[in-house]
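Colleague: I have a sequence and a model in front of me. Can you walk me through how to read them?

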Amino acid sequence: MHEALFENIHKIGLVPVVKIDDAAKAVGLAKAMVKGGLPCAEVTFRTAAAEQAIKNITAAVPEMLVGAGTVTNLDFAKKAVAAGAKFIVSPGFNPTVVDWCLENNVPIVPGVCTPSDIEAGLSRGLSTLKFFPAEVSGGVEMLKNLAGPFPNLMFMPTGGISPANLASYAKQSNVLAVGGSWMVKPELIEAENWDAISDLCSEAVVALQGLEFAHLGINNENAAEAEKTIAALGAFGMVKKVGNSSTFLNTTIEVLPKMYYGRLGHLGFKCFDIERTLAYLGRHGFTVNEETITRDAKGKIKVCYIQQELSGFAVHLVKA
């Protein structure tokens, strides 16, 4: 249920938790977030301005995926949906709110922090739950432990997440997206410091990818030419590891005995989640070479190449 919406949230990867006191500033905030590459927000019902802020954003910034957070009662849920919220998030598991949302086909991500909470969600057919408060409830280690008994469940961890620990959450296979508020601090909203918010959003989006240079691939006309390259690199003290189709030197240089993708070779990058990183790179004009996609047993992409070359080098993504 609601697969397209949750897939979109997964590709965005970050759900900024917004506490706003003045609904008149909501549109400026939304535009700043979109500019920073974060077209998603969970506007919390912690202030009286939440309902109007959601209305203002949905009317003026249609590309923004707006949800409502801190929905602790049925009245808030009804107001949020009427205002245009596309999904509901609650800090705990309120059966009344959850059941109303399910009955009215409204996507809901209720908060959980125990196996009993999780089973209450599973009994209602939910497959995505909010893990809250994440850090004080066991953090990443708790998520790892929950993956065993609940292998098909996805979480949106929120609470205590910052740039310092973002990567540890983003790399978990059972994390749909991460929730946080550091990029939309209330004082920045109050001051209408939209440039600062855009910069923080942009920095967070890049950090979320976990992009890291992995290796350089060198194409060769044939096996004999490749062996010459391998021998020459060995003179620099590099240790070789022979694979089925190529040879690695110190894990950082891959020598291929043939002409492969890229006029000269390829640049390999590791990332936490290839589907998410492809969506991120897509906003920068890159597209995936569909023929090169390799998937794991769960259907997730583990290897692919980008269509575009950089100075004669193809770009290769590998799941970290």
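Colleague: How many salt bridges does a search of the whole structure find?

Modeller: Start with the term. A salt bridge is a side-chain nitrogen of Lys or Arg within 4 Å of a carboxyl oxygen of Asp or Glu. The search of the whole structure finds eleven. This is a predicted model, where local features need pLDDT of at least 70, side-chain atom pairs count only at pLDDT 80 or more, and totals for chains, interfaces and linings use all residues. Residues are numbered from 1 along each chain as its sequence is written, and side-chain values use heavy atoms, with hydrogens and water left out.

Colleague: Which parts of the chain does the pair Lys 35 and Asp 195 link?

Modeller: First, the elements. Helices (H or I, at least four residues) and strands (E, at least two) are DSSP runs, numbered from the N terminus. The side chains of Lys 35 and Asp 195 meet at 3.9 Å, N to O. Lys 35 sits in helix α2 (residues 26-35) and Asp 195 in helix α10, 160 residues apart.

Colleague: Is Lys 35 buried or exposed?

Modeller: Buried means under 20% relative accessible area, exposed over 50%, and partly exposed in between (1.4 Å probe, protein chains only). Lys 35 has 65% relative accessibility, so the residue counts as exposed.

Colleague: And Glu 42 with Lys 130: where do these two lie?

Modeller: Glu 42 is in strand β2 and Lys 130 in strand β7, 88 residues apart. Their closest N and O atoms are 3.9 Å apart in a salt bridge. Glu 42 is buried, at 2% relative accessible area. Lys 130 is buried too, at 5%.

Colleague: What about a pair within one helix, Glu 141 and Lys 144?

Modeller: Both lie in helix α7 (residues 139-147), three residues apart, about one turn of the helix. Their closest N and O atoms are 3.4 Å apart. Glu 141 is partly exposed at 48%, and Lys 144 is partly exposed at 44%. Salt bridges can also share partners: Asp 273, Glu 275, Arg 295 and Lys 300 are joined that way into one network.

Colleague: Back to β7. Which strands form the open sheet, and in what order?

Modeller: Two strands pair if DSSP finds at least two bridges between them. Here the order is β6-β7-β8, with parallel pairing. β6 (111-112) and β8 (154-157) stand at the edges with a single partner strand each, so one side of each has no neighbour in the sheet. Four bridges join β7 (residues 128-131) to β8. Phe 131 has Pro 157 of β8 as its bridge partner.

Colleague: How do I read the nonpolar core?

Modeller: In soluble globular proteins, nonpolar side chains tend to be buried together. A nonpolar core is a set of buried Ala, Val, Leu, Ile, Met, Phe, Trp, Tyr and Cys residues joined through side-chain atoms within 4.5 Å. The largest core here has 90 residues; those with the most contacts inside it include Ile 9, Leu 14 and Phe 155. Helix α10 (residues 194-209) gives the most to this core, with six residues. A second, separate core has seven residues, among them Ala 226 and Leu 249.

Colleague: Which residues does Ile 9 touch?

Modeller: Contact means heavy atoms within 4.5 Å. Not counting residues up to four places away in sequence, Ile 9 touches Val 15, Leu 65, Phe 87, Leu 176 and Ala 177.
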